[in-house]
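Trainee: Could you walk me through how the labels on this structure are earned? I would like to see the reasoning behind each one.

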Amino acid sequence: MKSACSKGLRITKIAVAVSAMLLAGAMLSGCKDSKNRTSSDDVKLSVIEEGDLVTGKPYKIRADRQLQELSADHGEVSAVNPVTGENAGANEWFYVFSEENFASYEMPDSAAQKEVNDSAEEKSSLKAFTETFHATLTDGRTRKVQQDFAVTDPLLPDQWHLYNIGQNPYGVTDAPLKKIDLNVIPAWRVILPEDKKQIDGSGVYAAVWDTAVDLNHEDLRERIYDPGIPGTENFVNIGLPLETLQEYPGEDHGTSVAGIIAASAMNRLGVRGVAFNARVTSFSIDEDEYLIPGAMLNMKQLNLANASWGYDLFTSHEPALRDLYEALYENNIAVFHSHGNEFDEGYSEDDKPYSVSDCLEIPADCEFKQTDEMARYPFNIQVGSLNSLGVKTSYASTGANLWVTGFGGEFGADTNYPGRSSAALVTTLTSYDPGDFTDPDEFSPWRTQDNKYYTNMMNASSAAAPSVTGAAALAYQARPDMTVSELRYLLARTSRNDTAMPSLALTPLEGYDDTYGEKVTFDYGWQDNAAGFRFSNWYGFGVVDAGALVKAALECDKDPVCAGMKELPEKFISANDNPCAYTDDSGRLITCSFSDFQNEEGEPLGQTELLADAVTYDVSGLNYLPEGLIDACALAASPEDEGITEHNIERKKAVFKVNALLELTAESQSGTKSLLKPLYANWDYLSGFNVPDDDDDEGDDDESAELLAPLDIAASAFYQEPLKEDPDRKYRMSIRSACQIDVDRLNENMHLTFYGRRK
């Protein structure tokens with residue numbers, strides 16, 4: 001079933017715990033809310049142009065008299081605007097709050113901060129900051145002048161994913177862990193000298209492929225872009241009527257996604273998006289899935305697309321849709337896909353059509369996620385989810401195709417589940433009064449009349465994907481002609497693994513399986529591959545670092561690997577006959593070895609050596625025989641009846657049972673391993689369902705059509721590792737199964753596809 005990936009939870013316990021915060025930043029402005037703290041005979045300063053403390057956008061300040069010099073305790077003062085090069089007028093200066101103030105995650109004490117917090121009913125987020133200026137008069141005497149700056153984006157202090165100092169206005173039991181955030185402030189501080197602009201997402205266009213975005217939201221209406229594509233009126237920027245929201249709770253999902261990416265900043269309203277000057281276009285998830293990529297290809301300005309949804313559990317096979325994703329990749333439109341939230345869904349038969357729940361006891365991932373073309377296409381960027389405590393969101397899915405991890409949080413409320421009573425993300429909700437529909441924050445201590453158009457309950461991979469999309473939008477501004485291959489490389493290179501974030505530490509997850517009567521591995525933990533990239537199925541190449549990503553994008557041409565990714569990779573496919581065979585006496589283990597690689601024109605790889613951009617394995621021929629270690633093998637291998645019958649229902653349950661005991665592992669020529677599908681991960685796949693429709697070609701032979709229906713599973717762990725023809729060292733895949741497998745049928749389709757660049 002197609003579904004938005006965010007999980008929601010209503011709060012049943014009201015807990016108020018608030019801590020002091022920093023984010024005066026985006027928020028602090030001087031024109032309307034500044035206050036000068038001087039006596040009548042002292043120097044007076046006034047802010048005549050708004051700036052921003054967090055991004056370092058300069059404030060323009062004027063003194064009431066001529067001065068020799070002006071300096072500040074916590075920032076830089078200059079007669080020249082450091083961004084635009086503009087010269088200040090007489091008795092005027094530009095003031096920039098220093099980036100160093102954010103490095104310690106402790107805001108300097110100030111009079112304004114104390115005044116606001118002391119007057120507040122609860123100790124709350126920082127609402128103002130006082131800078132101390134030192135003015136040198138014309139006669140050489142000096143005077144201290146204090147200037148207050150007041151907030152503009154009032155909910156920015158609550159957005160821990162942007163700057164995390166441990167704030168807890170949400171009243172959750174487990175407050176955010178300081179420093180667990182996007183590291184976006186260093187990105188916002190970057191100045192592009194040629195453009196005379198700071199990094200903020202300007203000139204970048206993002207598609208929000210989701211439930212329809214509320215075009216009237218106060219923090220989004222200035223960000224909406226109409227591409228004017230003919231024939232898209234029913235699914236592009238259609239808006240969110242109140243009636244829809246009332247009938248279908250959760251339709252605010254797309255609006256929350258859009259806010260994480262690009263909510264406006266410095267407008268005295270609500271929140272701030274990661275790329276707050278990017279433009280977004282809403283593509284409704286309710287439209288035919290084939291139409292959306294086609295429309296995106298007609299949007300010439302489009303840089304990237306966010307899809308915070310997916311197909312849970314059931315495998316779909318649509319080669320034409322895969323071709324559309326390939327066209328997006330080839331046209332340098334990056335697709336970010338939320339990887340899912342089914343890690344712990346080992347439910348009973350009443351909730352899911354399977355009964356295997358052994359995954360919960362390990363704990364291992366309960367569902368295999370490479371089920372649809374969006375998830376399987378290797379150049380779509382799969383995004384996992386981190387919570388505010390610096391570990392994987394408890395229910396976030398894992399997988400061999402994961403690329404990067406974003407910030408998703410947990411439920412945003414107190415729950416009865418250990419480790420889940422921590423923060424979600426604060427973002428846009430709708431433009432309607434929450435009393436008019438089902439308010440996800442109804443019982444949250446965070447909800448007030450002042451924040452009624454916003455939510456603190458957006459969570460998991462639905463929130464994580466747009467946090468990465470926003471960071472990528474900043475990188476696109478830094479490098480407007482960036483290719484998707486360059487972006488994937490930069491994400492893999494700059495994301496933070498367990499060596500940079502110790503909270504991400506993993507150890508191999510092992511256990512004993514009764515069916516096989518031996519020890520098995522459910523997760524390899526972190527591994528260093530032969531190309532120097534560190535990868536895990538839980539976090540991909542690590543947690544996105546917006547600051548490092550932007551700076552690396554600016555330096556791409558100086559990096560020979562990045563600079564070599566302007567063109568599309570070459571594609572080679574293994575062509576050796578019968579690559580798979582049983583390799584043990586028990587009949588449980590099949591090993592497939594791949595060689596004789598050819599490109600699509602049939603030209604052999606020869607002595608050429610390629611470095612991997614992507615590696616996939618076609619498992620479409622996977623089919624069971626009746627014999628095996630469990631009784632379910634016979635039923636799973638039995639023919640399917642026409643229509644819905646009791647036999648078919650029981651057969652499907654049997655398929656789930658035997659697939660739960662199916663393990664797929666891969667190994668590169670360099671010896672790096674990838675756990676493609678772990679034991680106990682539920683999956684419905686059985687060869688034969690994915691024969692393409694023959695409506696247009698009625699005379700086609702079903703068996704030959706099946707050969708045209710690959711089911712390619714991606715492995716990210718081999719990124720940038722080599723491929724060359726070597727009889728002693730080959731890429732391999734192993735299949736462990738409790739049922740005998742039809743090897744002849746497996747070999748009809750099994751091959752490895754290698755996308756790479758010449759070394």
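Mentor: Happy to; below we take two helix topics and then a sheet, remembering that this is a predicted model.

Trainee: What makes helix α5 largely enclosed by the rest of the structure?

Mentor: A residue counts as buried under 20% relative accessible area. In α5, residues 253-262, 10 of the 10 residues are buried, so the helix is largely enclosed. Among them are His-253, Thr-255, Val-257 and Ile-260.

Trainee: Nice. Why is α10 called roughly parallel to α12?

Mentor: The axes of α10 (residues 460-478) and α12 (residues 546-554) cross at roughly 25° and come within 8 Å. Angles under 35 degrees count as roughly parallel, and therefore α10 is roughly parallel to α12. The crossing is also right-handed.

Trainee: How do you know what kind of residues make that contact?

Mentor: From α10 come Ala-471, Ala-472, Leu-474, Ala-475 and Ala-478, and from α12 come Ala-546, Leu-549, Val-550, Ala-553 and Leu-554. Ala, Leu and Val count as nonpolar, and the division is 10 nonpolar, no polar and no charged.

Trainee: On to the sheet. What makes β26 and β32 edge strands?

Mentor: Each pairs on one side only. The open sheet has five strands in the order β26-β27-β35-β31-β32, with antiparallel pairing. Neighbouring strands are turned by 20° against each other on average, direction ignored.

Trainee: And how do you know that β27 and β35 pair?

Mentor: Pairing takes at least two bridges, and six bridges join β27 (residues 589-594) to β35 (residues 731-736). Cys-592 stands opposite Met-733 in β35.

Notes: Residues numbered from 1 in each chain as written. Predicted model: local features only at pLDDT ≥ 70, side-chain atom pairs only at ≥ 80, totals over all residues. Heavy atoms only, no water. Buried < 20%, exposed > 50% of the residue type's maximum accessible area, 1.4 Å probe, protein only. Helix = DSSP H or I, 4+ residues; strand = E, 2+ residues; numbered from the N terminus. Axes fitted to C-alpha atoms, helices over the stretch in contact; angles between N-to-C directions. Parallel < 35°, antiparallel > 145°, perpendicular 65-115°, else oblique. Left-handed = near helix turned anticlockwise from the far one by under 90°. Contact = heavy atoms within 4.5 Å.
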